[in-house]
Amino acid sequence: MESTDSLVDRISDLPDLLLTDILSLVTTKETVTTCVLSKRWTKLWAFVPVLDFRSNQFEQNNLWLGDQDHTKFLQFVKGVFDHREAIHLERFGFSFEGVTSRDIPHFIEILDRAAKCRPRVTSIDVSTVEYIQPPSSIFSCASIEEMSLSFDAPDTFVAPEIVNLPSLKKLELTCLSVYDNFIRAVLSGCPSLEELVMNCCILDIYEISSDTLKKLVLNMCVLLGEVYISCPAAVSLSIKHPREAGIRLNNVSPLARADICFEDTVFDEYAIGIYVNLLRDLPNIASLRLHTTCLGLQALLVAHVPKFQAFENLRILELEGFDMTCNFDLPCFLKQAPNLKKVILHLITPSEEATDEELLGNHPVLSEYIETIVMRSEENTPKFSYKDFECTHVDHMENNN
């Protein structure tokens, strides 16, 4: 027989505040199902400060949602709003796959009701073949501090009449067409904005200008024209695989860190010019990470870096996709960075036939310039010893395999 202690419901003895915090860690559908556990749990779900709705939880046999499944999902969402307590939301998440034209009015109604609950964090992820616009209420909700908008839809762009988000600190946009009027409205209507992230967006904009922005991320965005960045308060800049056009930095000083990932598959003369201009705009950078597996980048650095203004403030240089077997004249870069203290090399796997001389090349001169070398490599990349580099002037070296 089971002991009496093993039958005690200790979870239900916890205070309501702790139980609602626990329920905040699962989706709303899972939260609501706890109402059948006992009388104590009947209404507990209604006090949870997080709503996380996911349409894929209503799929049948892992198939794309049909009309019947859409109806069940939307009825469930509205039912939750109808019966929950009138408390402010810590987080609102809404993921809806396969939105149809008949779903759009319900979609807008749900977002309007969510805005009235004053969420602190809002995440909206929608896939559809229809043109769809989020309601204006989402862009005038004073409580929102973090917002993520993802629209897997053709030619979807966001064009609210007004943006008034005084508390917004972070905005992430994914798969959207972004135009000048919207980006200007965001930067003027979000006086507290510190972080702007754009993933796989089409950018038809001329300028990103903000006195408050501290972190800017442009990840695999298509640029329809040259984009100028003027963010004097920025401390972190990440640009990955810019496509079609270039990015110029007008006023981003002093940057603490820049992370530049080059497009490897397109490396013609025009593309090289784009990257050269971008690097030229980074003379005051303190930490610089360059990522490419293309030997064209190494040729670019050798050919153009000596012409750059000196990187006087550069302390940390990180190169990813670095090929020790190529004739990459790294010291020419180091001479432009007189205050460099640390180099991090992410090594790619060389040929098994590569000789020690080919692997090391002219890199022992690293020791003349820097204090710390960190080497990170793939599993089969040969390990290097201290004597290989003849690092008599290096205070510290790490070899992280």
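This report describes salt bridges, cysteines, a helix, a sheet and a buried serine in a predicted model.

**Salt bridges**

The structure contains 14 salt bridges. Side chains of opposite charge can pair when their charged atoms come close. Three of these contacts are listed below with the closest N to O distances.

| Acidic residue | Basic residue | N to O distance |
|---|---|---|
| Glu 90 | Arg 120 | 2.7 Å |
| Glu 145 | Arg 120 | 3.4 Å |
| Glu 320 | Arg 289 | 2.3 Å |

Arg 120 forms a salt bridge with Glu 90, with the closest N and O atoms 2.7 Å apart. Glu 90 is located in the loop between helix H3 (67–83) and strand E2 (91–99), while Arg 120 occupies the loop between helix H4 (104–116) and strand E3 (121–128), so the contact ties together parts that are 30 residues apart in sequence. Arg 120 also forms a salt bridge with Glu 145, at 3.4 Å between the closest N and O atoms. Because Glu 145 belongs to the loop between E3 and strand E4 (146–152), and Arg 120 to the loop between H4 and E3, this pair ties together parts 25 residues apart in sequence. Glu 90 is partly exposed at 34% relative accessibility, Arg 120 is partly exposed at 28%, and Glu 145 is partly exposed at 25%.

The side chains of Glu 320 and Arg 289 meet in a salt bridge at 2.3 Å, N to O. This pair links distant parts of the chain, with Glu 320 in strand E17 (residues 316–322) and Arg 289 in strand E16 (residues 287–291), 31 residues apart. Arg 289 counts as buried because its relative accessibility is 12%, below the 20% limit for that class. Glu 320 is partly exposed, with a relative accessible area of 23%. Both residues belong to a network of salt bridges that also links Arg 257, Asp 259 and Glu 318.

**Ser 238 and its surroundings**

Asp 259, a member of that network, is also among the residues touched by Ser 238. The other contacts of Ser 238, apart from residues up to four places away in sequence, are Leu 216, Val 217 and Leu 218. Ser 238 is found in strand E13 (residues 236–240) and is buried, at 10% relative accessibility.

**A parallel sheet**

An open sheet of 3 strands follows the order E9-E12-E14 with parallel pairing. Its edge strands, E9 (207–209) and E14 (247–251), each pair on one side only. From one strand to the next, the twist averages 20 degrees. Strand E12 (residues 227–230) pairs with E14 in the parallel sense over 4 bridges. Within this pairing, Tyr 228 has Arg 248 of E14 as its bridge partner.

**Helix H1**

In helix H1 (residues 16–23), the buried residues are Leu 19, Thr 20 and Leu 23. These residues lie on the same side of H1, because they cover an arc of only 100 degrees around the axis. An α-helix has 3.6 residues a turn, so residues three or four places apart point the same way. The cover over the buried residues of H1 includes helix H2 (28–32).

**Cysteines**

The count of disulfides is 0. For Cys 175, the closest cysteine sulfur is that of Cys 200 at 5.2 Å, which is too far for a bond; a disulfide requires sulfur atoms within 2.5 Å. Cys 175 is partly exposed at 31% relative accessibility, and Cys 35 is partly exposed at 28%.

How values were computed:
Residues are numbered from 1 along each chain as its sequence is written. This is a predicted model: local features need pLDDT of at least 70, side-chain atom pairs count only at pLDDT 80 or more; totals for chains, interfaces and linings use all residues. Side-chain values use heavy atoms; hydrogens and water are left out. Helices (H or I, at least four residues) and strands (E, at least two) are DSSP runs, numbered from the N terminus. Buried means under 20% relative accessible area, exposed over 50%, partly exposed in between (1.4 Å probe, protein chains only). Contact means heavy atoms within 4.5 Å. Two strands pair if DSSP finds at least two bridges between them. Axes are lines fitted to C-alpha atoms, for helices over the stretch in contact, and angles run from 0 to 180 degrees between N-to-C directions. The arc is that of the directions from the helix axis to the C-beta atoms. A salt bridge is a side-chain nitrogen of Lys or Arg within 4 Å of a carboxyl oxygen of Asp or Glu.
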